[in-house]
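Please read the following note with the sequence and the model side by side. It is meant for a colleague who has not yet looked at this structure.

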Amino acid sequence: MQFYQQGFHPGDPRITDPADRVIAPPLKHSLPSKVDVMIVGCGPAGLNLAAQLSKFASISTCIVEQKDDRLLVGQADGIACRTMEMFEAYDFADQIKQEAYWVNETAFWKPDTEQPQKISLSSKIQDVEDDLSEMPHVIINQARVHDAFLDVMRHGPRKIVPHYSRQLLNLEVDQATTDYPVTLTFERLDSQHLGVIEKVKAKYVVGCDGARSTVRKSIGRELIGDSINQGWGVMDVLAVTDFPDIRLKSAIHSSNEGNMLIIPREGGYMVRLYIELDKLKSNERLSKKNITTNYLIAAANRILYPYTIDVKEIAWWSVYEIGQRLTTAFDDAEEGKLPHVFLAGDACHTHSPKAGQGLNTSVNDTWNLGWKLAHVLTGRAKPELLQSYSFERQTVAQQLIDFDREFSKMFSAKPKSVTNPEGVDPADFQKYFVQFGRFTAGTAIHYPPSDLVSTGQHQNLATGQSIGMRFHSAKVTRLADAKPVHLAHSMKADGRWHILAFAGQQDFMNDTCQVNKLCEFLQNDPSSPTQYFTPKSADIDAVINLQAVFQTHHREVEVAHIHPLLQPPKGRYGLKDYEKVYSAICEENSFYDKRGIDKRDGCIIIVRPDQYVAEILPLSDHSGLTNFFKRVFIQST
């Protein structure tokens, strides 16, 4: 899509008249007196959590924001491949893909060998390695992502809308109370109710309220870290330039004028410029009062020499200093006491924006937490499950801090030269960029063994699906309608677990077929996880969703021979679900070949609600299947 030709206007670019893009703010209702989950902050982390919890009609969720309306111009713009996979679980990835800029290549520019005062192209590389994800790395206004989450929230069973113009004054936890132990005090900031105080009691609170988080301060946590005393300016601009790679992500190192990162924006015309400023003195802080847009534009032109950039319009700009900080804990748990208050996003980790990890790490925080809260609040799991949030995410945040510290230092350093032998060789920076490509794509997260992640005894049965990492999708052919689909796209943001049964070499659904035997066990054995943990009044796949993949071509299989558990009755009319059986044969290489599935014996892969592989088992290991889910769930009634 191309847009912004007539200037920057926020909102949906499909709507021609910018005036028609305006969305009326929600009605200013009072806050509820009691709520299951109170989310403080309408950033990406908070909205993602609200979107997940909106899927559960029985969970009362409230989200508040200090600002007076939804975001229109966002700071974060880079969306990693893994985050796009998450968006697919909410069914808005296609919309984002259509509107966004796709980062396909990255260009590296360095001082010209013959004329160092000029920059010259060093090399271009593919931005994301082949088959890392079915989703692209994209750039889009953060506000458009917010709008997509707001739509999910508003249209979900719980119909959640934010309460704006609320400032959190205080948060207290009564450890002696188990019902609604957290009390929050808010002050209204809207003109009609200015100064009105509201109190809300909550079972759980999630602080998504940024680096200056009141929630974090209220539970006695603090951000600890350092700054490398480096200032940067950032601008989203509509501009005319002769720089040839203006529509490519470009890392530019000049000899003496500083460095710059160019991030093309959606719409075909806008571009984001990260511009290096002078090194700060010890304890010096940046301020917009000391930096003007003209200063930033002039700096950009000096770095780009011999090329020039003529800025016609500035959609947004800011200045910031690089620092990496991590909170002392991601929740309020103490020894012998379970957590009731959690931190997510910038409230618990901050870093530079150039690696594009802020929004992506934040939404993955609450992607991890959301289904766990839902499990506990719907009675599926014990509250002890919530301890796993801090256990899993704090390690990820520390890895991000370590990566960002090194990345920022390398990018901010002067190029290595005869006069600056201690500088960084631009080629080394490029190698570092490639080396950590999977990390920046969000696909390198690896959760350690726990009750939710096995030790990997049977990893050899699916070598391309690493236990503790996200399920790596590939195309299969859906049996009922012969449609090529990505297998992971069946795993939606609805809190369900997934059992994927990959058939071995036995004939399709005959007496020796291990998938057939698995279906018999799951459907008829009272000790099976689908029988033991599914409420009697619910669909059989409401808690654990069984799907099967066969090595047989889809045209060689009779749909009538499929086990009834793989075509279960659903909903009020008992309609058959035909979308649970697939053929691995779809593309030149089958799913088994692409993801290392054992062709002779097949396997079971258990996938968590956040799409991470929890366990791999032999198809015949029915007791292992039951024992795994007994570590997660409480028996249903």
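The points below take up two residues and then two sheets.

1. On the basis of the note: this is a predicted model, in which local features need pLDDT of at least 70 and side-chain atom pairs count only at pLDDT 80 or more, while totals for chains, interfaces and linings use all residues. Residues are numbered from 1 along each chain as its sequence is written, and side-chain values use heavy atoms, with hydrogens and water left out.

2. Glutamine 2 belongs to the segment that precedes strand S1 (34–40); helices (H or I, at least four residues) and strands (E, at least two) are DSSP runs, numbered from the N terminus. Glutamine 2 counts as exposed because its relative accessibility is 55%, where exposed means over 50% relative accessible area, buried under 20% and partly exposed in between (1.4 Å probe, protein chains only). Apart from its neighbours within four places in sequence, glutamine 2 is in contact with Gly267 and Tyr269, contact meaning heavy atoms within 4.5 Å. Although glutamine 2 and tyrosine 269 are 267 residues apart along the chain, their C-alpha atoms are separated by 7.7 Å.

3. Aspartate 127 sits in the loop between strand S6 (119–126) and strand S7 (138–139), and with a relative accessible area of 11% it is buried. Its side chain and that of threonine 106 are joined by a polar contact of 2.9 Å (a pair of N or O atoms within 3.5 Å; within protein, one must be able to donate a hydrogen and the other to accept it, and residues adjacent in sequence count only if both atoms are side-chain atoms). Beyond four places in sequence, the residues in contact with aspartate 127 include His137, Lys249 and Phe433.

4. An open sheet of 3 strands has the order S3-S7-S4 with antiparallel pairing, and its edge strands, S3 (78–79) and S4 (101–102), each pair on one side only. Two strands pair if DSSP finds at least two bridges between them; S3 and S7 are joined by 2 bridges, and glycine 78 has isoleucine 139 in S7 as its bridge partner.

5. Another open sheet, of 7 strands, follows the order S19-S18-S24-S21-S20-S25-S26 with mixed pairing. Strands S19 (484–486) and S26 (613–617) stand at its edges with a single partner strand each, so one side of each is left without a neighbour in the sheet. Within this sheet, S20 (residues 497–502) and S21 (residues 544–550) pair in the parallel sense over 6 bridges, and histidine 498 stands opposite asparagine 545 in S21.
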